[in-house]
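Open the model in a viewer and keep the sequence panel visible. Each stop below says what to select and then what is there.

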Amino acid sequence: MSRSSPIRRPLAFAAVATLALASAAASAQRQPRVVAPDDLAKYWVLVNESVQGDAPMFGKGMDVPTCATVSFVVDGTGSTRSVKVQRIVPEGPDLAKLALSIGAHLKFEPTATNGGRDPVFSWLIFPLNLPSDPAARTELMKPCVIEKLRYADR
């Protein structure tokens with residue numbers, strides 16, 4: 001009957017512990033699934049009834065009808081991170097700050113099919129100062145439609 005050396009046991013334990021930690025770190029750092037806006041509700045459901053953004057007190061074009069496409073990662077807690085304005089029409093930094101703020105305040109709950117609370121990368125279009133006429137709103141939001149983004153675009 002062979003006995004393991006007193007030195008080998010701690011080394012074996014250290015090796016197993018290192019592998020377990022490396023595996024946990026790798027799974028925690030996996031890239032979120034890229035999900036188009038139309039499919040976002042398959043993974044996460046927006047729970048905000050309304051979202052308040054931090055609007056600048058004054059600025060250029062603050063009353064101009066605008067649309068902003070904002071990308072974000074929904075993390076395992078249902079909060080957003082890596083929020084970025086991908087497109088804003090017409091261009092202007094003042095309403096972009098508002099769009100970023102709105103994106104940062106979104107809250108989600110996982111769907112039944114996302115019980116593992118898997119993170120996703122997605123994007124939404126935020127209408128800002130759009131007219132009440134539905135046809136005019138649709139027309140003004142068309143330039144903000146982005147068919148596909150990659151996680152690298154965050």
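## The sheet

Select the open sheet of four strands, whose order is β1-β6-β3-β4 and whose pairing is mixed. At its edges are β1 (33–34) and β4 (80–89), each with a single partner strand, so each has one side left without a neighbour in the sheet. Strands here are DSSP runs of E with at least two residues, helices are runs of H or I with at least four residues, and both are numbered from the N terminus. Two strands count as paired if DSSP finds at least two bridges between them.

Before going further, note that this is a predicted model, in which local features need pLDDT of at least 70 and side-chain atom pairs count only at pLDDT 80 or more, while totals for chains, interfaces and linings use all residues. Residues are numbered from 1 along each chain as its sequence is written, and side-chain values use heavy atoms, with hydrogens and water left out.

Next, select strand β3 (residues 66–74) together with β4. The two pair in the antiparallel sense over seven bridges. Two residues of β3 can be followed across to β4: Val 70 has Val 85 as its bridge partner, and Ser 71 has Lys 84.

Now add helix α2 (residues 93–104). This helix packs on the sheet and touches β3, β4 and β6, and its direction makes about 145 degrees with that of β4. Contact means heavy atoms within 4.5 Å. The angle is taken between N-to-C directions on a scale from 0 to 180 degrees, using axes that are lines fitted to C-alpha atoms, for helices over the stretch in contact.

## Unusual backbone spots

Start at the hairpin of β3 and β4, which has five residues between the strands; there Gly 78 takes a positive phi near 90 degrees. Move on to Ser 82 in strand β4. Its phi is near 50 degrees, a positive value in a residue other than glycine. Ser 82 has a relative accessible area of 32%, so it counts as partly exposed. On this scale, buried means under 20% relative accessible area, exposed means over 50%, and partly exposed lies in between (1.4 Å probe, protein chains only).

Pro 90 comes next, in the loop between β4 and α2. The peptide bond leading to Pro 90 from Val 89 is cis, with omega near -5 degrees. Then select Asn 129, in the loop between β6 and α3 (134–141). Asn 129 is another residue other than glycine with a positive phi, here near 65 degrees, and its relative accessible area of 39% makes it partly exposed.

## The cores

Which residues touch the most other members of the largest nonpolar core? Select Leu 40 and Phe 108, which do so in a core of 18 residues. A nonpolar core is a set of buried Ala, Val, Leu, Ile, Met, Phe, Trp, Tyr and Cys residues joined through side-chain atoms within 4.5 Å. The elements giving two or more residues to this core are β3, α2 and β6. Helix α2 supplies its largest share, five residues.

Centre the view on Phe 108. Leaving aside neighbours within four places in sequence, its contacts include Leu 40, Trp 44, Phe 72 and Gly 78. A second, separate core has six residues, among them Trp 123, Ile 146, Leu 149 and Tyr 151.

## The loop between β5 and β6

Select Thr 111, in the loop between β5 (108–110) and β6 (120–128). Is Thr 111 buried or exposed? Its relative accessibility is 15%, so it counts as buried. The side chain of Thr 111 reaches the backbone oxygen of Lys 42 at 2.8 Å. Leaving aside neighbours within four places in sequence, Thr 111 is in contact with Ala 41, Lys 42, Tyr 43, Trp 44 and Val 45.

Stay in this loop and select Gly 116. With 58% relative accessibility, Gly 116 counts as exposed. Gly 116 and Tyr 43 are 73 residues apart in sequence, and their C-alpha atoms are 9.9 Å apart in space.

## The whole chain

Finally, show the whole protein chain, which has three helices and six strands. Along the sequence these follow the pattern α-β-β-β-β-α-β-β-α. Of the 154 residues in the chain, 29% are buried.

Definitions and conventions: A polar contact is a pair of N or O atoms within 3.5 Å; within protein, one must be able to donate a hydrogen and the other to accept it, and residues adjacent in sequence count only if both atoms are side-chain atoms.
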